[in-house]
Amino acid sequence: MDESRHTSAIILNRSAYRESDSLVTVYTKNFGKMSLIARGTKKIQSKLAGHLEPLNLADILIIKGKGFGYIGSALTTNSFLNIKNNLNKLYFAGRALYWFNRLTKDDQVDERLFLLLSRWLEVVDDYLTEEFTKETGELYFTFFTFKFLGELGYLPEVQECLVCREKIKSGKNYFNLKNGGLVCEKCFEKEKLSQDYSTAEMLTISDNCIKLLRFILENKFDTAKKLKLDKKVIKEQSVLTISYLNFRS
């Protein structure tokens, strides 16, 4: 490893460390997720602290240490102020960072994950603040979640039944949270007879929710603005999203 390395990083979390330092969790473009010490950031006169706030995108210099590495310098390139100045945006951005931090592993380089999170933050930051409702936040969080899980290898099957492999038809269908995908009613009834069956793994899913999930998997974040959805569908999708995340963690 080089003595020092320069990279772009998204600040995921910052916590107190020792008397005047902080332990900063970052996801870097070049080196993946890292936990680094930022010296003196608890001091009032610290010039480093403001650049290492959670949600910031910053250029940082990483200095090799015996245990944790150190942040030698940091310069904010995007502070996403429109997110930080709106409680609704901030809530959903914070939720995205929480799950991103929870499901990624240290020192595993994946530039796609870095670009995915930074792009999503840009889209949310640019969204007209007065139009960013709770439902909008739920929708954008769902978009991010399934794109993120797809990159991690947890892309759900939304075209065919996981059991019989037949194309899913409209009607009564289910989402298998453990195996990640749709199950038709016929196979669901058969599965209930199995000793391995667990109702906790299955959620009933409406036709509209299936359509929304397919749209999310096939389109970019920006296209969410085109959708005009019933609040009931967004709520259903939100419950499915959190449930699926809990099975992956």
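Q: How many residues does helix α4 have, and what distance does α4 reach from its first C-alpha to its last?

A: A helix here is a DSSP run of H or I with at least four residues, a strand is a run of E with at least two, and both are numbered from the N terminus. The expected span of a helix is 1.5 Å times one less than its number of residues. In this predicted model, where local features need pLDDT of at least 70, side-chain atom pairs count only at pLDDT 80 or more, and totals for chains, interfaces and linings use all residues. Residues are numbered from 1 along each chain as its sequence is written, and side-chain values use heavy atoms, with hydrogens and water left out. Helix α4 covers residues 134-151, has 18 residues and reaches 26 Å, close to the 26 Å expected.

Q: Why is α4 described as largely enclosed by the rest of the structure?

A: A residue is buried under 20% relative accessible area, exposed over 50% and partly exposed in between, with a 1.4 Å probe and protein chains only. In α4, 14 of the 18 residues are buried, so the helix is largely enclosed by the rest of the structure. Just after α4, Gly-153 takes a positive phi of about 95 degrees. Across the chain of 249 residues, 46% count as buried.

Q: In which order do the five strands of the closed barrel run?

A: Two strands pair if DSSP finds at least two bridges between them. The closed barrel follows the order β1-β2-β3-β5-β4, with mixed pairing. Neighbouring strands of this sheet are turned by 50 degrees against each other on average, direction ignored.

Q: Which strands of the barrel run antiparallel, and which pair is parallel?

A: Strands β1 (residues 4-17) and β2 (residues 21-28) run antiparallel and are joined by eight bridges; Tyr-17 stands opposite Asp-21 in β2. Strands β4 and β5 also run antiparallel, with seven bridges, and a hairpin of five residues joins them. Ile-62 has Ile-71 in β5 as its bridge partner. By contrast, β3 and β5 pair in the parallel sense over two bridges, and Ile-37 is partnered by Tyr-70 in β5.

Q: Which strands does helix α2 touch?

A: Contact means heavy atoms within 4.5 Å. Axes are lines fitted to C-alpha atoms, for helices over the stretch in contact, and angles run from 0 to 180 degrees between N-to-C directions. Helix α2 (residues 87-103) packs on the sheet and touches β1, β2 and β3, its direction making about 105 degrees with that of β1. Helix α3 (residues 111-126) also packs on the sheet, touching β1, β2, β4 and β5, at about 65 degrees to the direction of β1.
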